[in-house]
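Open the model in your viewer and keep a selection box at hand. We will go stop by stop.

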Amino acid sequence: HSMLLQYRIQDRTYYGAKLDWNSLHTLTDIGICYGIVPAYIGPADINDTDAVKEDEFVPKILSGPPFGVDILLDAETFDNGDSAESLDGFTMAVTDYGDTALIGLDGFTVGTGTMARVSIQISIHKTTDVVLNRFNSMERSCIDNSDNYNITIVDNSADGYYTLSKCLLDASIVKTMAKECPEVDPQALLAELYGSDLYCSFTKVNAAIGHAKQTETTDGEDVECQVACQRQEND
């Protein structure tokens with residue numbers, strides 16, 4: 001990806017957006033975005049099938065600027081592609097590793113020629129087994145993986161874990177985009193969905209994020225999006 005010149009995690013600098021231990025491409029409400037996940041800063045090469053990640057090179061989870069991620073981005077006029085709209089600067093989001101970034105809710109803009117520093121405060125929320133077993137999802141106002149909410153976005157995610165962001169993205173696709181763009185199958189895989197109709201996929205889904213809060217399971221059951229019983233929140 002030409003926009004990312006380099007990024008630094010603690011004592012290790014990476015150049016370009018080549019595939020490495022800390023990079024990934026993830027689906028969001030505006031399409032496929034490039035993500036950085038601090039996971040490993042050691043000598044092992046991800047392209048080496050026999051590579052072993054040593055524990056001593058796992059980035060430290062500590063507070064303060066030295067333990068964050070520094071990113072250098074490059075904007076070029078051709079990055080606008082086929083869009084008629086001028087895209088001045090970048091939109092970024094900070095989210096939990098296992099969650100889906102919703103740019104419509106969590107995104108912030110970094111203009112060209114500027115430096116932005118973002119600090120977050122992480123809080124972990126857990127629900128006890130007693131509460132999970134005694135009450136259903138509506139009574140405890142949260143959804144656990146054991147509730148088996150078979151929503152398309154959750155089923156197709158790499159880890160299969162339920163999160164509120166995944167549910168809201170699914171709700172935007174099923175309830176809003178399907179009405180605005182009936183020619184697009186709301187149950188299609190997200191990657192295929194974006195390729196079907198760019199206007200419907202990007203514009204409508206992103207605009208609906210946070211407004212559509214009910215979705216449909218793959219069994220045709222209407223469900224309401226709620227927070228996950230076990231979750232991380234960034235403030």
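Start by selecting Gln10, in the loop between strand E1 (4-9) and strand E2 (12-15). Helices (H or I, at least four residues) and strands (E, at least two) are DSSP runs, numbered from the N terminus. This is a predicted model, where local features need pLDDT of at least 70 and side-chain atom pairs count only at pLDDT 80 or more, while totals for chains, interfaces and linings use all residues. Residues are numbered from 1 along each chain as its sequence is written, and side-chain values use heavy atoms, with hydrogens and water left out.

**Stop 1: Gln10**

Stay on Gln10 and check its backbone. Its phi is positive, about 55 degrees, although Gln10 is not a glycine. Most residues other than glycine have a negative phi. Is Gln10 buried or exposed? Gln10 counts as buried because its relative accessibility is 12%, and buried means under 20% relative accessible area, exposed over 50%, partly exposed in between (1.4 Å probe, protein chains only).

**Stop 2: the second largest pocket**

Gln10 also helps line the second largest pocket. Select the rest of the lining: Asp11, Arg12, Ile41, Glu56, Phe57, Val58, Pro59, Lys60, Pro66 and Phe67. The pocket was found on a 1 Å grid over the protein atoms alone, as an open set of points where a 1.4 Å probe fits, with protein on both sides within 12 Å along at least five of seven lines; lining residues have an atom within 4 Å of a point. Its volume is about 180 Å³. That volume is the space filled by probe spheres set on the points, with grid points joined across faces, edges and corners.

Color the lining by class. You should see 6 nonpolar, 1 polar and 4 charged residues. Here Ala, Val, Leu, Ile, Met, Phe, Trp, Tyr, Cys and Pro count as nonpolar, Asp, Glu, Lys and Arg as charged, and the others, Gly among them, as polar.

**Stop 3: Arg8 and Ile71**

Step back to Arg8, in strand E1. Arg8 is partly exposed, at 33% relative accessibility. Show its contacts (heavy atoms within 4.5 Å). Leaving out residues up to four places away in sequence, Arg8 touches Thr13, Gly68, Val69 and Asp70.

Now draw a C-alpha distance from Arg8 to Ile71. The two are 63 residues apart in sequence and 6.5 Å apart in space. Ile71 lies in strand E5 (residues 69-73). Ile71 is partly exposed, with a relative accessible area of 36%. Beyond four places in sequence, Ile71 touches Leu4, Gln6, Tyr7, Ile36 and Met92. Try Leu5 too: Leu5 and Ile71 are 66 residues apart in sequence, with 8.0 Å from C-alpha to C-alpha.

**Stop 4: the loop between H3 and H4**

Select Ser141, in the loop between helix H3 (137-140) and helix H4 (152-156). What is the phi of Ser141? It is near 55 degrees, a positive value in a residue other than glycine. Ser141 is partly exposed, with a relative accessible area of 45%.

Asp144 lies in the loop between H3 and H4 as well. Asp144 counts as buried, at 12% relative accessibility. Its contacts, leaving out residues up to four places away in sequence, are Leu132, Cys229 and Gln230. Thr163 is 19 residues from Asp144 along the chain, and their C-alpha atoms are separated by 8.9 Å.

**Stop 5: Gln226**

Next, pick Gln226, in the loop between strand E10 (222-224) and strand E11 (231-234). Gln226 is buried, with a relative accessible area of 12%. What does Gln226 touch, not counting residues up to four places away in sequence? The list is Ser137, Met138, Ser141, Cys142, Ile143, Tyr149, Tyr162 and Leu164.

**Stop 6: Ala212**

Move to Ala212, in the loop between helix H7 (198-208) and strand E9 (214-216). Ala212 is buried, with a relative accessible area of 11%. Ser172 is 40 residues away along the chain, with 5.5 Å between the C-alpha atoms.

**Last stop: the whole chain**

Zoom out and color by pLDDT, the predictor's confidence in each residue, from 0 to 100. The chain mean is 79, and 81% of residues reach 70 or more. Among the elements, helix H6 (residues 190-196) has the lowest mean pLDDT (48), and helix H2 (residues 129-134) has the highest (93). The chain has 7 helices and 11 strands. Of its 235 residues, 31% are buried.
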